[in-house]
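Here is a short briefing on one protein structure. Keep the sequence and the 3D view open as you read.

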Amino acid sequence: MSKYAHLYSGIMKAAKPSKVNQIMAKQKPGAIHLSGGFPDPNYFPREEIKEIISYVMDNEAATALQYGNPAGYPKLIEHVVEIANSKNQKTKNENVMVVNGSTESFGLMCKAFVNPGDYIIVEEPTYSGAIMAFRGHGANMLPVPIDDQGVIPEEVEKVLAEKEKEGIQVKFMYILPNYQNPAGVSLSLERRKKLLEIAKKYNVLIYEDDAYIEFRYEGEELPTIKSLDEDGMVVYTTTFSKTLAPGVRIGWVIAEPELIKGLTAAKMATSLMSSPLNQALSAEFSIRGYLKNHVEKSKELYKKRKNYMLEALEKYMPEGVTWTKPQGGYFLWVTAPEHIDGEEMLKQVVEAGVSYRPGPSFYVDDTKGWNQARLCFTTVDEEAIDKGIKTIADVIKKLM
Ligand SMILES: Cc1ncc(COP(=O)(O)O)c(C=O)c1O
């Protein structure tokens, strides 16, 4: 036993090693990765970033290299206000807080609103990073099922009504409206409106995580829940991680000024502020129109890869296997028959030099979802997609 064992917090002691990670650690070098959620690094806008860093050093070094405002670098805040208002989010400077990627906002939401043991609602399945962060802050997660239209409002209401009967105030519902991670599904307009009604009725915040909003490949853009909100019930977050680069670690939160004050106080106690240098870089990159160009190019590439992956699934998967057909984002979600031994499926796929992210990573109860797989189509070329999908399909056929 580790000589430090008695020093760990209860939350850390309760964390058990994940079976998924143990199997995935056996990944071979040179494997085809369908498991990540990354932009394609071959297309990072290196030259533009070099040019802008040089510009920032020549023109903004005194502020970009200094400690700054905890809520954000003023130039970026002003630019975020413009972006938000272009999406009808009725935003002023005091509605904005910059974060170290949306991930930081998971912890800040808990610090600001959740005492250990408090309840929050999450979608089932939902983003693994959020589950980890919420668990790490002692939140009690209440999973609510999704279907091909996103989270089911009637099920959300059922949970809230039950908790109300027990005298329990649920603090927020964590909602992924666009091209949900992991399932790739999007919340219908009707459901967006219904969730707002429910939020108001039970006085529960909607924490809207919209990391993939800029990556729509088909269909019409839907209004963000934030833009439909007349009652200050939504805390919205999005990020430059998917549009510019995750290594820049800059995202933002939009909410009522009172909530932003609370979240900024939590942020000061956590990271003081997000890097002013990276905020200056992100702002200038976007203001110059480089971001828009880069997103357009990335979208073209990812749309092709998504369609290619859908074709490969059609070509190789046996009857009984289903998958989602996302209109955007980075992922699609495959479901094999329930009786399949999912642990064995992952082991054999990894052994064959391919990776996917298995279902349990996205369930609060991580014994669930072994017959499911999140596949990411952004970082692999057509040849790798073909080989990867064929490998997974062959393993499934063998185990069926
Ligand atoms: C749904 C969702 N939210 C948030 C994040 C975290 O992004 P960031 O890099 O901004 O912390 C991700 C990253 O994969 C994501 O998929």
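The points below cover a surface patch and two residues in loops. The model is predicted. Three residues guide the tour: leucine 7, aspartate 229 and tyrosine 127.

**A nonpolar patch on the surface**
- Tyr4, Leu7, Tyr8 and Met12 make a nonpolar surface patch of about 470 Å².
- Leucine 7 sits in the segment before α1 (10-14).
- Its relative accessible area is 61%. Leucine 7 counts as exposed because this value is over 50%.

**A buried charge**
- Aspartate 229 is found in the loop between α10 (225-228) and β8 (234-239).
- Aspartate 229 is buried, yet it has no salt bridge.
- Lysine 226 is the nearest side chain of opposite charge, 4.1 Å away. A salt bridge needs the charged atoms within 4 Å, so this pair does not qualify.
- The aspartate 229 side chain does reach the backbone nitrogen of methionine 233, at 2.8 Å.
- Aspartate 229 is also in contact with Lys90, Leu196 and Val234, leaving aside neighbours within four places in sequence.

**A tyrosine between strand and helix**
- Tyrosine 127 lies in the loop between β3 (119-124) and α7 (128-136).
- Its relative accessible area is 24%. Tyrosine 127 is partly exposed because this value falls between the 20% and 50% cut-offs.
- Tyrosine 127 touches Phe106, Tyr174, Leu176, Asn181, Pro182 and Phe362, not counting residues up to four places away in sequence.
- Tyrosine 127 and tyrosine 363 are 236 residues apart along the chain, while 8.6 Å separates their C-alpha atoms.

Definitions and conventions:
Residues are numbered from 1 along each chain as its sequence is written. This is a predicted model: local features need pLDDT of at least 70, side-chain atom pairs count only at pLDDT 80 or more; totals for chains, interfaces and linings use all residues. Side-chain values use heavy atoms; hydrogens and water are left out. Patches are made of residues with over 30% relative accessible area and no salt bridge: like charges are joined within 9 Å, nonpolar side chains (Val, Leu, Ile, Met, Phe, Trp, Tyr) within 5 Å. Accessible areas come from the Shrake-Rupley method with a 1.4 Å probe; for residues, only the protein chains shown count as cover. Helices (H or I, at least four residues) and strands (E, at least two) are DSSP runs, numbered from the N terminus. Buried means under 20% relative accessible area, exposed over 50%, partly exposed in between (1.4 Å probe, protein chains only). Lys and Arg count as positive and Asp and Glu as negative; His and the chain ends are not counted. A polar contact is a pair of N or O atoms within 3.5 Å; within protein, one must be able to donate a hydrogen and the other to accept it, and residues adjacent in sequence count only if both atoms are side-chain atoms. Contact means heavy atoms within 4.5 Å.
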